[in-house]
Amino acid sequence: MTIAIYPGSFDPITNGHLDIAIRAARLFEKLIIGVYDIPDKKVLFTTKERVELIKQAIVNLPNVEVEAYNGLTVNFARKVKAQAMVRGLRMSSDFEREFDMAMLNKKLYPKLELVCLMSTLEYQFLSSTLLKEAARLGGNIDDLVPKHVAEALKRKVQSKM
Ligand code: ADP
């Protein structure tokens, strides 16, 4: 079975992330979205919340699963027996960072292949960071995230005010 992981912080999942997951799910028999378990202080949503928001976003994707992990991403890949790691590439600064990480990961786990998918044009400038900033300032984020994520973001931003 061809298995790929799609790791990231997903704080929270956006339509840009989802677009990559949908496209990657067509290439692999199983796609496991790996939610990096970052200390809660550094993220807006807890790991549990980020996993839950992804779960709701992938209900219609039968070969996509979500799982939290900590430690090295390559160790997570080993654990779930993934042959590939998927990442999304936006035009701006993603390439250099991905290239560096890919070189290191190749050293740590030579058998794992990196598969980068180019971001769709409409999501090129979408990041969770900008999204959170827009939500904080009361901007309309409805076209950038699934409906349940927009609602969760609005609730979260209000609870922090
Ligand atoms: P990280 O914390 O590793 O940067 P993110 O949660 O921000 O992880 O993103 C996970 C993956 O999704 C990364 O490969 C990132 O480049 C990609 N990604 C993020 N936003 C978009 C987008 N708008 N379009 C395509 N890929 C994206």
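**Exercise 1. Which residue does a polar contact of 2.4 Å join to Asp-19 through the side chains?**

Solution. The model is predicted: local features need pLDDT of at least 70, side-chain atom pairs count only at pLDDT 80 or more, and totals for chains, interfaces and linings use all residues. Residues are numbered from 1 along each chain as its sequence is written, and side-chain values use heavy atoms, with hydrogens and water left out.

Step 1. Locate Asp-19 in helix H1. Helices (H or I, at least four residues) and strands (E, at least two) are DSSP runs, numbered from the N terminus.

Step 2. Establish its exposure. Asp-19 has a relative accessible area of 17% and is therefore buried. Buried means under 20% relative accessible area, exposed over 50%, and partly exposed in between, with a 1.4 Å probe and protein chains only.

Step 3. List its contacts, defined as heavy atoms within 4.5 Å. Leaving out residues up to four places away in sequence, Asp-19 touches Thr-120 and Tyr-123.

Step 4. Identify the partner. The side chains of Asp-19 and Thr-120 are joined by a polar contact of 2.4 Å. A polar contact is a pair of N or O atoms within 3.5 Å; within protein, one must be able to donate a hydrogen and the other to accept it, and residues adjacent in sequence count only if both atoms are side-chain atoms.

**Exercise 2. Describe the setting of helix H1 and of the loop before it.**

Solution. Step 1. Of the 11 residues of H1, 9 are buried, so the helix is largely enclosed by the rest of the structure. Among the buried ones are His-17, Leu-18, Ile-20 and Ala-24.

Step 2. At the start of H1, a side-chain oxygen of Thr-14 comes to within 3.1 Å of the backbone nitrogen of Gly-16.

Step 3. Pro-12 belongs to the loop between S1 and H1, and the peptide bond leading to Pro-12 from Asp-11 is cis, with omega near 0 degrees.

Step 4. Phe-10 is in the loop between S1 and H1. Although not a glycine, Phe-10 has a positive phi of about 50 degrees; its relative accessibility is 3%, so Phe-10 counts as buried.

**Exercise 3. Which residues have the most contacts inside the largest nonpolar core?**

Solution. Step 1. Define the set: a nonpolar core consists of buried Ala, Val, Leu, Ile, Met, Phe, Trp, Tyr and Cys residues joined through side-chain atoms within 4.5 Å.

Step 2. The largest such core has 37 residues, and those with the most contacts inside it are Tyr-6, Leu-31, Ile-33, Ile-54, Ile-58, Val-86 and Leu-153.

Step 3. Elements that each supply at least two residues of this core include strand S1 (3-8), helix H1 (15-25), strand S4 (84-89) and helix H6 (147-159).

Step 4. A second, separate core has 12 residues, including Ile-5, Ile-32, Val-80 and Leu-112.

Step 5. For Ile-54, the contacts beyond four places in sequence are Phe-10, Ile-13, Ile-33, Val-35 and Val-66.

**Exercise 4. Classify the aromatic pairs Tyr-6 with Phe-10 and Tyr-69 with Phe-76.**

Solution. Step 1. Rings of Phe, Tyr and Trp (its six-membered ring) pair if their centres lie within 6.5 Å; planes under 30 degrees apart count as stacked, over 60 as edge-to-face and the rest as tilted. The structure holds 4 aromatic pairs.

Step 2. For Tyr-6 and Phe-10, the ring centres are 5.2 Å apart and the planes stand at 80 degrees, so this pair is edge-to-face.

Step 3. For Tyr-69 and Phe-76, the centres are 4.5 Å apart and the planes at 10 degrees, so this pair is stacked. Both Tyr-69 and Phe-76 are buried, and together with Tyr-36 they form one aromatic cluster.

**Exercise 5. Which residues come nearest to the ligand?**

Solution. Step 1. A residue is near a molecule or strand if one of its heavy atoms lies within 4 Å of it. Of the 17 residues around the ligand, Tyr-6, Ser-9, Phe-10, Gly-88 and Tyr-123 come nearest.

Step 2. Polar side-chain atoms lie at these distances from an oxygen atom of the ligand: 2.3 Å for Ser-9 and 3.1 Å for Arg-87. For Arg-97, an N or O atom of the side chain is 2.9 Å from a ligand oxygen.

Step 3. The protein covers 88% of the 550 Å² of accessible area that the ligand has on its own. Accessible areas come from the Shrake-Rupley method with a 1.4 Å probe; for residues, only the protein chains shown count as cover.
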